[in-house]
Amino acid sequence: KLLKGGQSFKEELTGCRLMAPRKIGQWRLIIALPLLLFFSISGPLLKNLALLDGLVVSFESLEQEDLKPGANFDRYTNYYSDKFKLKTFSSLADGRFSLFPDFEFVKIKSKKRLSPYLLIYDHENRTSGELKVGLNVGLLELLKRGAYGNPFFKRSFPALSEALAEPRKNYEERDFSQKGSNQLLFNPMVREDIRKLIQASFQLGMGNLVGHVLSYGPFLRGFIEIRQAFLLLAHPGVRPEVDMITMGNMEFLRYRQTFSEDYPRDKQVLMTYIPIGTHNSFTLQLGWDKSLQGALSAKAFRENFLANGEWFLDYKNFFKRPRLEAEVTPFFALDLLAEQDANQATQDILEEFLYRYYYQKCRTAIQKGDKAMIESLRYNLMRLSSIMKIKDKGKKQRFSALFMNQWQELWSSFQARDRQYFNI
């Protein structure tokens, strides 16, 4: 009977019609199970506002300073610093910018320590900026959070997974090769995985949730933790704008923050750069005046100084100590001022440079009547003067008596705007 479409024995006996289940019910079950699994895993995370406000992360590559045919290469100089792990070849926008070594006190584990930074002055716009090295960042230790609770992590980021599994000593900072090689310790595939992971973490939000799950799976915790950890590296108080940028041979995660006038900061516009191409990372902060002129100055400095850079983040002891005063730049003077055990020859060269350099800059500021530069120099000279008077514990005064007398005469003449002293 069944073959002919008739009733079965059970249907005749019970008087009921047996119905076969519809296929649509099976599809509902197939769809429902993954959704139930997804919300059981990620449901609590959806309440976290960090997930609800995904940030658009763009990618930019800065153009380097254009070395035009027939350009005056007398203005170009190799600037380098162990502190900033940077070597760059620049004309400082054809003399538009002046650089000055400077110091501030920072608190590290309840102790105050001197931290050197670079003071920047733009003669064209008469604005000033600061370039500082902030926190050290062990990038692999931060990125390993991405694998938390995510069985698909290795499939999505295979090269990075291998790097995370290796001993950390394979990526420790090392002495610079005598051959002068600056080979990055992360290979290109690892760097690409890092870029993808950071970008996916910052862009994760309700607007692209489905696309993210299709690309990387339903396990969201690791992505959210990475974003939160990176955001802790921004200066607190203002939500940052986020993008990625290439400067020289390194990729950076970049934050832009603008602070109100009543916020206790010298520079109201702050750019924070975090290298993402090496385990040996840090935060690099570029602060500038809050104005249109300040924004233009910051852009010009990035393009004419940082964009040309070669970053030596995986290496140490890669720059030789100067043998002549002419080999010293204000960028390198930061390293020499911070050096605890400078030999006498290096100290003599540093003192020669500081007096000559500041005499010229003070003379220029007075001659041009540049009030903004005079004010910047005044505070800079005050800080340097106080630093020079500090004695190391158990050691004699670092700077010679002759230099200190010359420096005091320079400082007093600058305060008095003594045109005769500066031969104006």
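Which residues does Ser297 touch, not counting residues up to four places away in sequence? The second legend below gives the answer.

**Figure 1. Overview of the chain, a predicted model.** In this predicted model, local features need pLDDT of at least 70 and side-chain atom pairs count only at pLDDT 80 or more, while totals for chains, interfaces and linings use all residues. Residues are numbered from 1 along each chain as its sequence is written, and side-chain values use heavy atoms, with hydrogens and water left out. The secondary structure comes to 15 helices and 13 strands, where helices (H or I, at least four residues) and strands (E, at least two) are DSSP runs numbered from the N terminus. Of the 424 residues of the chain, 48% count as buried; buried means under 20% relative accessible area, exposed means over 50%, and partly exposed lies in between (1.4 Å probe, protein chains only). The chain exposes about 23100 Å², of which carbon and sulfur atoms supply 54%, with accessible areas coming from the Shrake-Rupley method and a 1.4 Å probe, and for residues only the protein chains shown count as cover. Among the contacts in the chain with a separation of 6 or more, 66% come from residues 24 or more positions apart; contact means heavy atoms within 4.5 Å.

**Figure 2. Close-up of Ser297 in helix α11 (residues 292-306).** Leaving out residues up to four places away in sequence, Ser297 touches Arg96, Phe97, Asp122, Asn125, Thr127 and Trp288. Because its relative accessibility is 0%, Ser297 counts as buried. The side chains of Ser297 and Asp122 are joined by a polar contact of 2.5 Å, a term for a pair of N or O atoms within 3.5 Å; within protein, one must be able to donate a hydrogen and the other to accept it, and residues adjacent in sequence count only if both atoms are side-chain atoms.

**Figure 3. Close-up of helix α7 (residues 158-165) and helix α8 (residues 188-203).** Two packed helices are described by the angle between their axes and the distance between the axes. The axes of α7 and α8 come within 7 Å and cross at roughly 105 degrees; axes are lines fitted to C-alpha atoms, for helices over the stretch in contact, and angles run from 0 to 180 degrees between N-to-C directions. The two helices, α7 and α8, are therefore roughly perpendicular to each other, since angles of 65 to 115 degrees count as roughly perpendicular, those under 35 as roughly parallel, those over 145 as roughly antiparallel and the rest as oblique. Pro158, Ala159, Leu160 and Ala163 of α7 make the contact with Met189, Val190, Asp193, Ile194 and Leu197 of α8. By class, this contact of α7 with α8 has eight nonpolar, no polar and one charged residues, where Ala, Val, Leu, Ile, Met, Phe, Trp, Tyr, Cys and Pro count as nonpolar, Asp, Glu, Lys and Arg as charged, and the others, Gly among them, as polar. Within α7, Ala159, Leu160, Ser161, Ala163 and Leu164 are buried, and what covers the buried residues of α7 includes α5 (139-143), α6 (153-156) and α8.

**Figure 4. Close-up of helix α13 (residues 344-368) and helix α15 (residues 401-415).** The axes of α13 and α15 come within 11 Å and cross at roughly 10 degrees, which makes α13 roughly parallel to α15. From α13, the residues Glu351, Leu354, Tyr355, Tyr358, Tyr359, Cys362 and Ile366 meet Phe403, Gln406, Trp407, Leu410 and Phe414 in α15. The residues of this contact of α13 with α15 divide into 10 nonpolar, one polar and one charged.

**Figure 5. Close-up of the segment after α15, with Arg419.** Arg419 counts as partly exposed, at 42% relative accessibility. Although Arg419 and Arg363 are 56 residues apart in sequence, they are 8.1 Å apart in space, C-alpha to C-alpha. Leaving aside its neighbours within four places in sequence, Arg419 is in contact with Ile366 and Ile424. Arg417 also lies in the segment after α15, and Arg417 has a positive phi of about 55 degrees although it is not a glycine. At 34% relative accessibility, Arg417 counts as partly exposed.

**Figure 6. Close-up of helix α12 (residues 330-338).** Eight of the nine residues of α12 are buried, so this helix is largely enclosed by the rest of the structure. The buried residues of α12 are Pro330, Phe331, Phe332, Ala333, Leu334, Asp335, Leu336 and Leu337.
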